[in-house]
Amino acid sequence: MSARRAGVLVLHPGCGLNDDIKAAAATPKKLGDMVERPDLYDGRVATETPAAEGMMKSLDRPATRAKIDAAVDRLRKSGPVAVVGWSMGASYAWDLSERRPGIVSAMVTYYGGYDPDAGEWLPPL
């Protein structure tokens with residue numbers, strides 16, 4: 001009997017699904033985990049902060065959440081779901097854990113602070 005592997009949801013930062021995030025997503029896949037890395041910008045990548053901020057503000061939040069939920073639902077078929085997210089992706093990871101309690105088994109977030117409901121960064125504490 002084979003052990004069930006984790007599903008890993010990788011959520012990119014506000015700059016988009018760039019090569020660094022793609023490389024990070026490749027590691028758990030090489031180890032045998034199922035990986036989903038939804039491209040929330042449909043191929044667009046920003047290299048400067050103002051462009052990334054504009055892309056974040058242009059997101060259709062219900063559609064973005066639907067993309068994330070669809071990825072999670074695919075991952076859940078193979079076992080528990082872990083989430084890793086950077087910046088905006090970290091905020092959407094927390095958003096997922098609040099909207100769908102019990103779905104996320106583990107989470108690693110890096111410098112989150114984006115409010116998906118407001119479409120803006122939260123003020124620092």
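This report looks at the salt bridges, an aromatic pair and a surface patch in the structure above, which is a predicted model.

**Salt bridges**

Let's begin with the charged side chains. The structure holds seven salt bridges, and three of them are set out here.

| Salt bridge | Closest N to O |
|---|---|
| Glu36 and Arg74 | 2.9 Å |
| Arg100 and Asp73 | 2.7 Å |
| Arg99 and Asp95 | 2.9 Å |

Glu36 sits in strand E2 (residues 34-36) and Arg74 in helix H3 (residues 61-76), so this bridge links distant parts of the chain, 38 residues apart. Glu36 is buried, at 15% relative accessible area, while Arg74 is partly exposed at 37%.

Arg100 lies in the loop between helix H4 (88-99) and E4, and its partner Asp73 belongs to helix H3, so the bridge ties together parts 27 residues apart in sequence. Asp73 is partly exposed, with 35% relative accessibility.

Arg99 and Asp95 stay within helix H4, four residues apart, or about one turn of the helix. Here Asp95 is buried at 10% and Arg99 partly exposed at 31%. Through shared partners, salt bridges join Arg65, Asp69, Asp73, Asp95, Arg99 and Arg100 into one network.

**Around Tyr110**

Now for the aromatic rings: there is one aromatic pair. It is formed by Trp86 and Tyr110, and it counts as stacked because the ring centres are 5.7 Å apart and the planes meet at 15°. Trp86 is in strand E3 (residues 81-86) and Tyr110 in strand E4, 24 residues apart. Trp86 is buried, at 16% relative accessibility, whereas Tyr110 is partly exposed at 38%.

Tyr110 also joins Val108 and Tyr111 in a nonpolar surface patch, and together they have about 330 Å² of accessible area.

Conventions: Residues are numbered from 1 along each chain as its sequence is written. This is a predicted model: local features need pLDDT of at least 70, side-chain atom pairs count only at pLDDT 80 or more; totals for chains, interfaces and linings use all residues. Side-chain values use heavy atoms; hydrogens and water are left out. Patches are made of residues with over 30% relative accessible area and no salt bridge: like charges are joined within 9 Å, nonpolar side chains (Val, Leu, Ile, Met, Phe, Trp, Tyr) within 5 Å. Accessible areas come from the Shrake-Rupley method with a 1.4 Å probe; for residues, only the protein chains shown count as cover. A salt bridge is a side-chain nitrogen of Lys or Arg within 4 Å of a carboxyl oxygen of Asp or Glu. Rings of Phe, Tyr and Trp (its six-membered ring) pair if their centres lie within 6.5 Å; planes under 30 degrees apart count as stacked, over 60 as edge-to-face and the rest as tilted. Helices (H or I, at least four residues) and strands (E, at least two) are DSSP runs, numbered from the N terminus. Buried means under 20% relative accessible area, exposed over 50%, partly exposed in between (1.4 Å probe, protein chains only).
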